[in-house]
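Please look through the model below before reading on. The paragraphs after it go from a covered helix to a pocket and then to a patch on the surface.

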Amino acid sequence: MRGLLMAFLVTLFIPRAIALDIGSLSLTPALVVSIFLFPTLIFTGKMKWALPDTVLVMFFTAAFYSTLRSVEASRAIESFGRGLLLSVVPYLMGRYLGVRPKLFNLFMRRTMTVMAVLGVLTLLESFFRFNIHAVLWNQPYDPHHQQRLGLTRAYGWTSHSIMLGISFAVFVPVMAIAARERIKHLGNYCWLKVGLLLVGVFCSLSTGAWGPAVVALCLVCWDYFAPFKPGTRWLIVFVGGSATWFILEVLSGRPLLRILMMELHLSSPMAWHYRWELYRRIYAVMPGFEWFGHGINTPAAIADSFQWSIDNHYLVVLMQYGRVGLTLWLGLLAAVLIYGWKSVWNASDTSYRRIARALLIALVAVALTQLSVALFSTAAMLNWLFLGLGVGMAQSLRADEDRAKKARPSPGGRR
């Protein structure tokens, strides 16, 4: 099992272009390892059932029904099976690792080491257009056509720079807590690794990736770095938030207030038009498909549009799986966060509890990011991994609390 888990870790950082095509099936390294991991985790993982697991089963049942309605059965099974493996396997991995602290620590140590090295490589890509993955796998390197701050937007081993940045951002709160609390279980040089993770986020040169990193860091600072009275905390948040806002405006070269107003449709006719077109196009193709969506059969009105990307993951879920699918997707996020927070807040203060809180903070940041970014590639798989870790670590903390309660002498018992 450990070997398969480590093999899957490696496949997270191999470009999806490295694949063996058999007919219409594209066997990427991650998919191949997932095929072996899925039954192993199901039958030997010995995981205790939880409410988020029920919601997960309901979501994929609805997703399969939507897929089956959209295309012929053979194509539906192939497409759905691939998506299922590349999402459920990371989730089950998280569930498995979460209740095994020693294995979790090993997995995270190795992941953080890899991510730190990749942070250096993204810096080289941004400054010198050197992509190590193009060299390793003999793949053509196609630099992002948009340059910002005089630098190239790195995309590393992923297919898009935003997904690269989010892949780094999800680990930022974990390493920040490990560095602040001097938790050695996740390895040494934690502050250096935090810096290199932030380098990776920055080199994506995308506010879609900077956003979750900033939100996560703000939540971490609020929870861990500011042990002050409430009044003092609000002063710190006001000053720190204003300073962060100003820094982001300088880096992005755009006034963030205008960007926020664009998102809320309060100004800028072009931006308002883009967002309105985005929502209008999605809702225009939903009549007759409101409840179960279009599955994988993308409507012509969307597929034939002039390169309008659906920059909202929730709208993507709505279009594919309808109201039922979107409700269950939101329900899954809520179930994991509620299940996790209840366990984390009720648990004793240990290093494992602090890391669990950092993971949940990362999930909150990525959930907010999905309002302006559609997840795919490695970022989507890491999101599933963190969802599973949120449940698994919560169960581990609950088990520890139950054992501690049983070990305490009853008030009327013998001393």
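Which residues of H8 are buried, that is, under 20% relative accessible area with a 1.4 Å probe and protein chains only? They are Val-172, Pro-173, Val-174, Met-175, Ala-176, Ile-177, Ala-178 and Ala-179, so that eight of the nine residues of helix H8 (172–180), a DSSP run of H or I with at least four residues, are covered in this way. Just after H8, Arg-182 takes a positive phi of about 55°.

This is a predicted model, in which local features need pLDDT of at least 70 and side-chain atom pairs count only at pLDDT 80 or more, while totals for chains, interfaces and linings use all residues. Residues are numbered from 1 along each chain as its sequence is written, and side-chain values use heavy atoms, with hydrogens and water left out.

The second largest pocket has a volume of about 820 Å³, and among the 26 residues that line this pocket, Gly-83, Ser-87, Gln-320, Tyr-321 and Leu-375 lie nearest its centre. (A pocket is an open set of points on a 1 Å grid over the protein atoms alone, where a 1.4 Å probe fits, with protein on both sides within 12 Å along at least five of seven lines; lining residues have an atom within 4 Å of a point.) Helices H3, H4, H15 and H17 each supply at least two lining residues, and H4 gives the most, with seven.

On the surface, Phe-130 lies in the loop between H5 and helix H6 (132–136).

Definitions and conventions:
Points joined across faces, edges and corners; volume = space filled by probe spheres on them. Buried < 20%, exposed > 50% of the residue type's maximum accessible area, 1.4 Å probe, protein only.
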